[in-house]
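Visitor: Please take me through one part of this structure in detail. I would like to see how two packed helices sit together, and what lies around them.

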Amino acid sequence: MQTIKLNIYGMHCTSCAFNIDGELEDTEGVKESKTNYAKQQAEVTYDSKKISVDKIVSVIRKLDDKYDAEVI
């Protein structure tokens, strides 16, 4: 398992953070996602054999066209 931190852009409320966490945690290869609205960041624990960082970012972007993410 690996953990990455991401800056998240486009969140406007705490529900956005919950939605991102839910979507990521439903994605195969992601073990846990902790998104913090106040910090505009997410910490994602994932299995690099099952999912790539690019795919994690893609999942966030596809959730809402206002969201963007980059690895810190």
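Guide: Start with a definition. An axis here is a line fitted to C-alpha atoms, for helices over the stretch in contact, and angles run from 0 to 180 degrees between N-to-C directions. Two packed helices are described by the angle between their axes and the distance between the axes.

Now to this model, which is predicted. Helix 1 covers residues 14-25, and helix 2 covers residues 53-63. Their axes lie 10 Å apart, at an angle of about 130°. Helix 1 and helix 2 are therefore oblique to each other. The crossing of helix 1 past helix 2 is right-handed.

Which residues make the contact? Helix 1 brings N19, I20, E23 and L24. Helix 2 brings I56, V59, I60 and L63. Six residues of this contact are nonpolar, one is polar and one is charged.

Next, look at the sheet. Its four strands form an open sheet in the order 2-3-1-4, with antiparallel pairing. Strand 2 (30-36) and strand 4 (68-71) are at the edges. Each has a single partner strand, so one side of each has no neighbour in the sheet. From one strand to the next, the twist averages 25°.

Both helices meet this sheet. Helix 1 lies across strand 1, strand 2 and strand 3 (41-46). Helix 1 runs at about 170° to strand 2. Helix 2 packs on the sheet too, touching strand 1, strand 2, strand 3 and strand 4. The direction of helix 2 makes about 35° with that of strand 1.

Finish at strand 1, residues 2-9. Strand 1 pairs with strand 4 in the antiparallel sense, over four bridges. There, I8 stands opposite A69 in strand 4.

Notes: Residues are numbered from 1 along each chain as its sequence is written. This is a predicted model: local features need pLDDT of at least 70, side-chain atom pairs count only at pLDDT 80 or more; totals for chains, interfaces and linings use all residues. Side-chain values use heavy atoms; hydrogens and water are left out. Helices (H or I, at least four residues) and strands (E, at least two) are DSSP runs, numbered from the N terminus. Angles under 35 degrees count as roughly parallel, over 145 as roughly antiparallel, 65 to 115 as roughly perpendicular and the rest as oblique. A crossing is left-handed if the near helix is turned anticlockwise from the far one by less than a right angle, and right-handed if clockwise. Contact means heavy atoms within 4.5 Å. Ala, Val, Leu, Ile, Met, Phe, Trp, Tyr, Cys and Pro count as nonpolar, Asp, Glu, Lys and Arg as charged, and the others, Gly among them, as polar. Two strands pair if DSSP finds at least two bridges between them.
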